[in-house]
Amino acid sequence: MKDVMPGSWRKIPKRFYQRDDVVLISKELIGKILVTLFEGKLTAGRIVETEAYNGIDDKASHAWNNRRTNRTEVMYANGGVAYVYLCYGIHHLFNVVTNIRDIPNAILIRAIEPLAGVDVMLQRTGKLKAGIDLTRGPGNVSKALGIHTSHTGSNLNDDTLYIAEDDFTYNDDFIIATPRIGVDYAGEDAFLPYRFIVKNNLYVSGKKTNLL
DNA sequence: CTGACGATTCACT
DNA sequence: GTGAATCGTCAGC
């Protein structure tokens with residue numbers, strides 16, 4: 001887990017997010033790099049786990065049945081902004097808003113593999129040494145990267161919080177679709193294969209028995 | 001205004 | 001495996 005300088009990183013253009021297939025975008029975000037630059041501190045990691053939330057017909061989504069509230073309003077924005085909300089009063093969960101205005105699609109980033117700023121991540125999380133728990137699970141990702149609910153609505157083209165790509169890609173055989181985590185309340189929709197993970201990657205959340 | 005609860009994590013048995 | 005932590009959000013009164 002040596003630090004890598006972002007010289008070859010290219011910020012993903014807004015049109016990437018504004019396409020209409022949130023499940024496809026969710027899969028394509030696997031292998032991309034989530035970057036924050038807060039107070040001059042660079043932290044970044046490669047995305048290894050995502051979940052798609054597919055708009056008003058998806059019972060697991062906050063925007064199910066076209067529900068519009070102060071909190072969910074940002075999901076209806078044009079794609080390419082952040083949706084960060086507080087869960088269990090403790091955890092800040094980071095999502096990427098996709099699709100065009102008034103179509104509330106979003107993608108939850110559930111795990112990353114640290115690439116840069118591990119020392120800063122350790123400082124933010126209060127952990128003593130870098131391990132797989134540093135950025136495993138959506139709450140830990142936000143904590144390590146310093147993402148807060150106040151960043152909701154932030155434009156992913158900004159220099160403080162964005163997603164980049166480099167020349168690295170995962171082979172398609174290493175990306176697996178599974179049902180989403182913690183959405184049992186969603187009935188039938190809880191079984192939809194909207195979660196994408198990198199095969200055998202230790203940072204992917206859930207039981208290790210999931211490894212194939 | 002009030003009460004119930006969550007796209008989770010961690011410590012503990 | 002079980003339960004506590006902890007607070008903004010939202011539906012209901």
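Of the 21 residues that surround DNA strand B, those that come nearest are Tyr85, His91, Asn95, Gly139 and Tyr185. Among the atoms of DNA strand B that come within 4 Å of the protein, sugar and phosphate make up 49%. The model in which these contacts are found is a predicted one.

The surface near DNA strand B can be described by its secondary structure and by its residue classes. Three elements, β5 (91-98), β6 (105-116) and α4 (138-145), each contribute at least two residues to this surface. By class, the residues near DNA strand B comprise ten nonpolar, eight polar and three charged.

Individual polar contacts show which parts of DNA strand B are approached. An N or O atom in the side chain of His91 is 2.6 Å from a base oxygen of DNA strand B. Tyr88 approaches a base through its backbone, with a polar backbone atom 3.4 Å from a base nitrogen of DNA strand B. At Gly139, by contrast, the partner is a phosphate oxygen of DNA strand B, which lies 2.9 Å from a backbone N or O atom of that residue.

Attention may now turn to DNA strand C. The residues around this strand are Arg67, Thr69, Arg71, Leu86, Tyr88, Gly89 and Ile90. Of the atoms of DNA strand C that come within 4 Å of the protein, 72% belong to sugar and phosphate. The residues of this surface fall into three nonpolar, two polar and two charged.

Two polar contacts illustrate how the protein meets DNA strand C. A polar side-chain atom of Thr69 is placed 2.3 Å from a phosphate oxygen of DNA strand C. Tyr88 reaches a base instead: one of its backbone N or O atoms lies 2.4 Å from a base oxygen of DNA strand C. The backbone of Tyr88 thus has a polar atom 3.4 Å from a base nitrogen of DNA strand B and an N or O atom 2.4 Å from a base oxygen of DNA strand C.

The helix α4, which supplies at least two residues of the surface near DNA strand B, also packs against another helix. Its axis and that of α3 (residues 118-125) come within 7 Å and cross at roughly 110°. Because angles of 65 to 115 degrees count as roughly perpendicular, α3 is described as roughly perpendicular to α4. The crossing of the two helices is right-handed. Met121, Arg124 and Thr125 of α3 meet Lys143, Ala144 and Leu145 of α4 in this contact. By class, the residues joining α3 to α4 are three nonpolar, one polar and two charged.

Conventions: Residues are numbered from 1 along each chain as its sequence is written. Chains are lettered from A and ligands numbered from 1 in the order in which they are written. This is a predicted model: local features need pLDDT of at least 70, side-chain atom pairs count only at pLDDT 80 or more; totals for chains, interfaces and linings use all residues. Side-chain values use heavy atoms; hydrogens and water are left out. A residue is near a molecule or strand if one of its heavy atoms lies within 4 Å of it. A polar contact is a pair of N or O atoms within 3.5 Å; within protein, one must be able to donate a hydrogen and the other to accept it, and residues adjacent in sequence count only if both atoms are side-chain atoms. Ala, Val, Leu, Ile, Met, Phe, Trp, Tyr, Cys and Pro count as nonpolar, Asp, Glu, Lys and Arg as charged, and the others, Gly among them, as polar. Helices (H or I, at least four residues) and strands (E, at least two) are DSSP runs, numbered from the N terminus. Axes are lines fitted to C-alpha atoms, for helices over the stretch in contact, and angles run from 0 to 180 degrees between N-to-C directions. Angles under 35 degrees count as roughly parallel, over 145 as roughly antiparallel, 65 to 115 as roughly perpendicular and the rest as oblique. A crossing is left-handed if the near helix is turned anticlockwise from the far one by less than a right angle, and right-handed if clockwise. Contact means heavy atoms within 4.5 Å.
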